[in-house]
Amino acid sequence: MRQLSSDVAIIGAGVVGAACAYFLAEMGHSPTIIDPMEQGAATPAGAGIVAPGVTFHPSPYYFPLAYRAVSYLEGLVDKLGNERLLERCGLLYLITDPRSPVDAESLARQLRRHGMEGAPMHGHVEVIDPEYVHRYFPLLVPSQGAVYVDGPGRLNGANLRDALLLQAIKRGAHYIRARASIDSISQQEIALKVDSTIITTQRIVLAAGAWSRQIIGQFSVVPLPISPQRGQILHLEVPDTRTDQWPIVIGDFPHYLLTFPVCKVLAGATHEDVGFHPKPTLAGIREIADTIYKVAPSLGSSRLLGVNVGLRPVTPDGLPIIGRVPDLPSVIVASGHGAYGLQLGPYTGMLAAQLATDQEPDMDLTPYSPLRFSS
């Protein structure tokens with residue numbers, strides 16, 4: 001059995017693990033990133049909507065984290081020097097139900113409050129004539145009400161992850177593609193089994209998404225209630241049409257439309273609690289298609305390029321878990337972001353790196369601690 005050592009080992013190479021490795025390498029450390037390459041990993045499957053101020057009924061602890069996270073994300077993208085990673089495209093909220101208790105004016109007032117609270121990537125909010133939503137997104141049919149916010153954008157999560165990993169490796173991080181399991185834990189060190197190699201380390205950052213609980217569960221008495229939630233996203237091509245100037249579309253329906261250069265529309269996503277089953281289903285495709293035919297029926301003639309499936313790591317209270325495991329303080333958990341992984345992930349990775357190097361974290365992490373699930 002081959003033996004290696006590392007001061008910090010990161011299990012998971014999604015956007016959280018990649019950002020953690022990037023930040024550690026920037027500080028002069030040489031972390032080891034272990035990429036399990038699980039089918040259904042959330043980062044490459046995620047749509048990448050960045051609109052922290054257009055979130056309704058979250059935990060009150062969501063906004064403090066999200067606002068800091070998106071501000072950090074903007075600075076990180078600037079630092080990487082690739083403006084295509086994060087592009088503003090605006091967001092259109094549609095009210096389609098004539099019996100909706102919410103009207104466009106009250107919705108706009110709520111969104112403006114978020115802007116005054118300091119929501120990043122938010123911008124100007126305006127009520128628009130619902131008969132003319134097609135001026136913003138040409139395939140839409142008239143709705144009951146509509147509100148436009150000009151600040152939100154789209155993030156290419158897979159490309160951001162790759163850029164962070166590349167920079168981390170250039171600065172001395174080690175990258176291993178393999179599944180990892182914890183072989184032993186003591187006060188002095190942790191031994192990880194990675195194929196035919198034992199890696200000893202002083203700290204682990206557990207950023208393995210939906211698989212995080214399985215990795216640590218047998219070693220900790222503290223509950224880590226992270227479960228997989230399947231999200232299916234349709235990738236559509238609209239031939240001979242430049243779609244990337246169109247805004248994100250959400251509303252009083254369970255799905256969204258999101259465009260990417262140059263003729264591409266994403267439609268999703270499902271929220272299915274079906275365990276570790278990262279395969280597309282006809283039921284999932286039909287569910288999304290029902291929304292498409294409701295708000296943009298002409299999109300039905302577009303070409304189906306494929307279906308992306310990701311397993312979101314979800315928690316009972318909808319907040320991520322960020323912090324040391326109380327009975328295993330050498331293990332830092334950074335997972336459980338649900339549908340907001342790409343939006344919150346880079347900042348979470350930075351926070352995990354701070355904890356792994358015994359720095360004071362950038363914000364109070366008490367609301368996100370694993371301890372909150374202990375009775």
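Which residue in β16 is the bridge partner of Tyr-256? Keep that in mind while you load the structure, a predicted model, and start the tour at the hairpin.

**Stop 1: the β15-β16 hairpin**

Select residues 256-260, which make up strand β15. Five of its five residues are buried. Look at the two faces in turn: Tyr-256, Leu-258 and Phe-260 sit on one side, with Leu-257 and Thr-259 on the other, and both faces are covered. Now add residues 264-268 for β16, which pairs with β15 in the antiparallel sense over five bridges. Go to Tyr-256 and look across: the partner is Gly-268. Three residues lie between the two strands of this hairpin.

Stay in that loop and pick Val-262, which sits between β15 and β16. The peptide bond leading into Val-262 from Pro-261 is cis, with omega near -15 degrees. There is another cis bond to click on: Gly-268 to Ala-269, with omega about -15 degrees. Ala-269 belongs to the loop between β16 and α7. Most residues other than glycine have a negative phi, and most peptide bonds are trans.

**Stop 2: Ile-288 in α7**

Follow the chain into helix α7, residues 282-295, and select Ile-288. Is Ile-288 buried or exposed? With a relative accessible area of 1%, Ile-288 is buried. Show what surrounds this side chain: leaving aside residues up to four places away in sequence, Ile-288 touches Gln-232, Ile-233, Leu-234, His-255, Ala-267, Gly-268 and Thr-270. Gly-268 is the residue you just met opposite Tyr-256. Try a distance label to Ala-267 too: the two C-alpha atoms are 6.8 Å apart, though 21 residues separate Ile-288 and Ala-267 along the chain.

**Stop 3: two hairpins in a row**

Jump to residues 180-185 (β10) and 190-194 (β11), an antiparallel pair with five bridges. Ser-184 has Ala-191 in β11 as its bridge partner, and four residues carry the chain through the hairpin from β10 to β11. Of the five residues in β11, four are buried.

Next, add β12, residues 197-206, which pairs with β11 in the antiparallel sense, again over five bridges. Val-194 has Thr-197 as its bridge partner here. The turn of this hairpin has two residues, and Asp-195 in it has a positive phi of about 55 degrees.

**Stop 4: the nonpolar core**

Now switch to side chains. The largest nonpolar core has 53 residues, and Ile-10, Leu-65 and Val-205 have the most contacts inside it. Color β1 (2-11), α1 (15-26), α3, α5 (157-170), β19 (328-335) and α8, since these are the elements that give two or more residues to the core. In soluble globular proteins, nonpolar side chains tend to be buried together.

Zoom in on Ile-10. Beyond residues up to four places away in sequence, Ile-10 touches Gly-17, Cys-20, Ala-21, Leu-24, Pro-31, Thr-32, Ile-33, Ile-34 and Val-205.

**Stop 5: α3 against α8**

Select α3 (62-80) and α8 (341-356); their axes are 8 Å apart and cross at about 85 degrees. That makes α3 roughly perpendicular to α8. Show the contact residues: on the α3 side they include Leu-65, Ala-69, Leu-73 and Leu-76, and on the α8 side Leu-344, Tyr-347 and Met-350 are among them. The contact consists of 14 nonpolar residues, one polar and one charged.

Keep α3 on screen and turn to what it lies across: β3, β4 and β8, with the helix running at about 115 degrees to β4. These three strands form an open antiparallel sheet in the order β3-β8-β4. β3 (49-50) and β4 (86-88) each have a single partner strand, so one side of each is left without a neighbour in the sheet. Between β4 and β8 (153-155) there are three bridges, and Leu-86 stands opposite Leu-155.

**Last stop: two positive phi values**

Finish with Met-37, in the loop between β2 (32-35) and α2 (42-45). Met-37 has a positive phi of about 55 degrees without being a glycine, and is partly exposed at 47% relative accessible area. Then go to Asp-358, in the segment after α8. Its phi is also positive, about 60 degrees, and Asp-358 counts as exposed at 51% relative accessibility.

Key
Residues are numbered from 1 along each chain as its sequence is written. This is a predicted model: local features need pLDDT of at least 70, side-chain atom pairs count only at pLDDT 80 or more; totals for chains, interfaces and linings use all residues. Side-chain values use heavy atoms; hydrogens and water are left out. Axes are lines fitted to C-alpha atoms, for helices over the stretch in contact, and angles run from 0 to 180 degrees between N-to-C directions. Angles under 35 degrees count as roughly parallel, over 145 as roughly antiparallel, 65 to 115 as roughly perpendicular and the rest as oblique. Contact means heavy atoms within 4.5 Å. Ala, Val, Leu, Ile, Met, Phe, Trp, Tyr, Cys and Pro count as nonpolar, Asp, Glu, Lys and Arg as charged, and the others, Gly among them, as polar. A nonpolar core is a set of buried Ala, Val, Leu, Ile, Met, Phe, Trp, Tyr and Cys residues joined through side-chain atoms within 4.5 Å. Buried means under 20% relative accessible area, exposed over 50%, partly exposed in between (1.4 Å probe, protein chains only). Two strands pair if DSSP finds at least two bridges between them.
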